[in-house]
Amino acid sequence: MTREEKSQVIETLTAQLSDNANIYLADISGLNAGNTTNLRRACFKAGVQLAVVKNTLLKKAMESSDKDFGELTEVLKGSTSLMFSETGNAPAKVIKEFRKKSDKPLLKGAYIQESIYVGDNQLDSLVELKSKDELVGEIIGLLQSPAKNVISALKSGGSTIAGLVKTLSEREG
């Protein structure tokens, strides 16, 4: 690879790192061609981009990026694959599901919305992360609960203020 080609790869990687808020580093070495194809398919279905990268070029791209990757540069040893996703937990779910049939991929680390996770022992924590849509849904559900209580109390209380107060106080007691 010429210096010019390396420079182009670093620019591309730097742009990808800047454009994505959820970045996973994984080790998929040792997977045969069939398993690698299956992993790529699983990633595609989950909306995860998968790319094998050279550690030295990725490290330079990380240094050129406007993000602080902290300890993640230390895991750039051996085989490294990048996984990008709109959803913070999607790559973790793909890895966990795939590992039911194989011992790879191993999670080296992840950068999720400015938080850094290092090591394969973080996989379960990353699977449990909630997406932005899931959090918004939970908040909306919580906000709707009190309104539903008032409406049901109005219905059961005979639509009078006294009935409403009585019904609500019975529920709390």
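Let me start with a term: a residue is buried when its relative accessible area is under 20%. Keep that cut-off in hand. The model on screen is predicted.

Now, Y111. Its relative accessibility is 4%, so Y111 counts as buried. Where does Y111 sit? In strand 4, which covers residues 106–112. That strand is largely enclosed by the rest of the structure, because 6 of its 7 residues are buried.

What does Y111 pair with? With F69, as an aromatic pair. The structure holds 1 such pair. How do we describe it? A pair of aromatic rings is described by the distance of the centres and the angle of the planes. Here the centres are 4.9 Å apart. The planes make 50°, and the pair is tilted. F69 is buried too, because its relative accessibility is 3%.

Look at where the two partners come from. F69 lies in the loop between helix 3, residues 55–64, and strand 3, residues 80–85. Y111 is 42 residues away from F69. The pair therefore links distant parts of the chain.

Next, the neighbours of strand 4. On one hand there is strand 1, residues 22–27. Strands 1 and 4 are antiparallel, with 6 bridges. One of the contacts to look for is N22, whose bridge partner in strand 4 is I112. On the other hand there is strand 5, residues 115–118. Strands 4 and 5 are also antiparallel, joined by 4 bridges. G109 has V118 as its bridge partner in strand 5. These two strands form a hairpin with 2 residues between them. In that hairpin, Q113 takes a positive phi near 45°.

Let's step back to the sheet. It is open, has 5 strands, and pairs antiparallel. What is the strand order? It is 2-3-1-4-5. Which strands stand at the edges? Strand 2, residues 48–53, and strand 5. Each has a single partner strand, so one side of each has no neighbour in the sheet. From one strand to the next, the twist averages 20°.

Further along that order, strand 1 meets strand 3. They run antiparallel and share 4 bridges. A26 is bridged to S81 in strand 3.

Last, the helices. Helix 1, residues 3–19, lies across strands 1, 2 and 3. Helix 1 runs at about 40° to strand 3. Helix 3 also packs on the sheet, touching strands 1, 2 and 3. The direction of helix 3 makes about 45° with that of strand 3.

Notes: Residues numbered from 1 in each chain as written. Predicted model: local features only at pLDDT ≥ 70, side-chain atom pairs only at ≥ 80, totals over all residues. Heavy atoms only, no water. Phe/Tyr/Trp six-rings, centres within 6.5 Å; stacked < 30°, edge-to-face > 60°. Buried < 20%, exposed > 50% of the residue type's maximum accessible area, 1.4 Å probe, protein only. Pairing = 2+ DSSP bridges. Axes fitted to C-alpha atoms, helices over the stretch in contact; angles between N-to-C directions. Contact = heavy atoms within 4.5 Å.
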